[in-house]
Amino acid sequence: MSAVCAAPDFDLAQTLDCGQVFHWRREGAGWVGAVGDHGFYVEQQDARLLVPDGLEEIAARYFALDHPLVEICASFPEDPAMAAARDFCRGLRIIRQPAWECVATFITSSMKQVAHIAQISHTLRRRFGQRIDGTVPELFAYPTPEALAALREEDLRACALGFRAKTLLGAARMIAEGQVDLAAVAQLDDATARAELCRLPGVGEKVANCALLFGFERLRAFPIDVWIERVLKQIYFPRKRRLTTRKLREFSASYFGDYGGYAQQYLFHYARKTWPRGKGKVLSRRANGGLSAAPKS
């Protein structure tokens with residue numbers, strides 16, 4: 001049976017298809033996936049969600065329906081590119097992912113496209129995760145650190161992880177052994193939490209910031225990957241030839257503010273869905289039409 005969950009200022013498809021989470025699949029008029037060890041079929045009907053009966057609170061928390069989205073969007077910088085991304089991504093919310101699942105998934109994301117990351121996630125769930133009872137189609141929880149820690153590297157390589165098998169296994173073992181405590185990380189300030197996450201194999205600055213944003217609800221976190229680096233350079237620094245990642249981090253922290261993570265995800269999703277692939281100068285060309293937002297020096 002389904003229950004109704006109020007969902008104003010929310011777009012389910014944008015939220016699940018924006019590259020922040022990778023295991024949800026379209027099914028009929030809705031989506032199927034797992035929230036922790038709960039199976040979900042979710043369907044949006046205007047400003048409400050149909051969710052499994054009894055799981056309304058879990059759905060509302062997972063989809064961050066309490067985030068003040070109007071206030072968040074109003075905090076974005078007033079520039080043409082950010083306005084275009086905000087309008088394109090209307091209703092997109094940063095969901096609250098389980099911390100370990102988020103860390104592990106972004107470890108496996110290195111040098112992979114969204115479809116490949118999703119394939120790896122489904123394979124890991126199916127082979128090593130706990131089956132969720134009563135779900136059709138079959139759904140599986142993400143494997144725990146302990147479950148992965150008991151495997152061999154070859155087991156993970158068989159899931160198309162490549163070199164990521166070693167790092168995911170190492171991270172799982174450190175967490176399973178208590179060397180890194182994700183519950184304790186959640187209590188740390190952003191900088192200390194980032195440093196602690198970076199102790200895990202396969203976790204650098206970008207993956208740590210992804211984990212902070214999507215798994216620990218640190219909404220200032222601004223992950224800079226290849227897409228976002230290109231966005232920042234072409235929109236905000238179109239005439240700068242030498243621009244370090246450190247400079248981009250400093251600019252992002254000051255320019256986008258307390259909800260920088262939302263701004264990042266909106267820019268990321270907008271660029272990924274609208275930029276022609278293989279034409280990296282598209283925004284430079286569009287700048288003549290008003291999309292340039294280079295800050296004043």
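Here are legends for four close-up views of the predicted model shown above.

Because this is a prediction, local features need pLDDT of at least 70 and side-chain atom pairs count only at pLDDT 80 or more, while totals for chains, interfaces and linings use all residues. Residues are numbered from 1 along each chain as its sequence is written, and side-chain values use heavy atoms, with hydrogens and water left out.

**View 1. An open sheet of 5 strands with antiparallel pairing.** The strand order is 1-5-4-3-2. Strand 1 (2–6) and strand 2 (25–27) form the edges, each pairing on one side only. From one strand to the next, the twist averages 35° (axes are lines fitted to C-alpha atoms, for helices over the stretch in contact, and angles run from 0 to 180 degrees between N-to-C directions). Strands here are DSSP E runs of at least two residues, and helices are H or I runs of at least four, both numbered from the N terminus. Two strands pair if DSSP finds at least two bridges between them. As a reminder, strands of a sheet pair through backbone hydrogen bonds, either parallel or antiparallel.

**View 2. Two hairpins, each with its positive phi.** Strand 3 (residues 30–35) meets strand 4 (residues 38–45) over 5 antiparallel bridges, and glycine 33 has phenylalanine 40 as its bridge partner. This hairpin has 2 residues between the strands, and glycine 36 takes a positive phi near 65°. Strand 4 then joins strand 5 through 3 bridges, again antiparallel; here glutamate 43 partners leucine 50. The hairpin of strand 4 and strand 5 also has 2 residues between the strands, with aspartate 46 at a positive phi near 60°. On to the edge: strand 5 (residues 48–52) pairs with strand 1 over 5 antiparallel bridges, where valine 51 is the bridge partner of alanine 3.

**View 3. Arginine 96, a buried loop residue.** Look for arginine 96 in the loop between helix 4 (80–88) and helix 5 (99–107). Its relative accessible area is 14%, so arginine 96 counts as buried (under 20%; exposed is over 50%, partly exposed in between, with a 1.4 Å probe and protein chains only). A polar atom of its side chain lies 2.9 Å from the backbone oxygen of arginine 61. Leaving aside residues up to four places away in sequence, arginine 96 touches several residues, including Tyr62, Asp66, His67, Phe214 and Glu217 (contact means heavy atoms within 4.5 Å).

**View 4. Helix 15, mostly covered.** Helix 15 (residues 260–274) reaches 21 Å from its first C-alpha to its last, close to the 21 Å expected (1.5 Å times one less than its number of residues). Of its 15 residues, 13 are buried.

Methods
A polar contact is a pair of N or O atoms within 3.5 Å; within protein, one must be able to donate a hydrogen and the other to accept it, and residues adjacent in sequence count only if both atoms are side-chain atoms.
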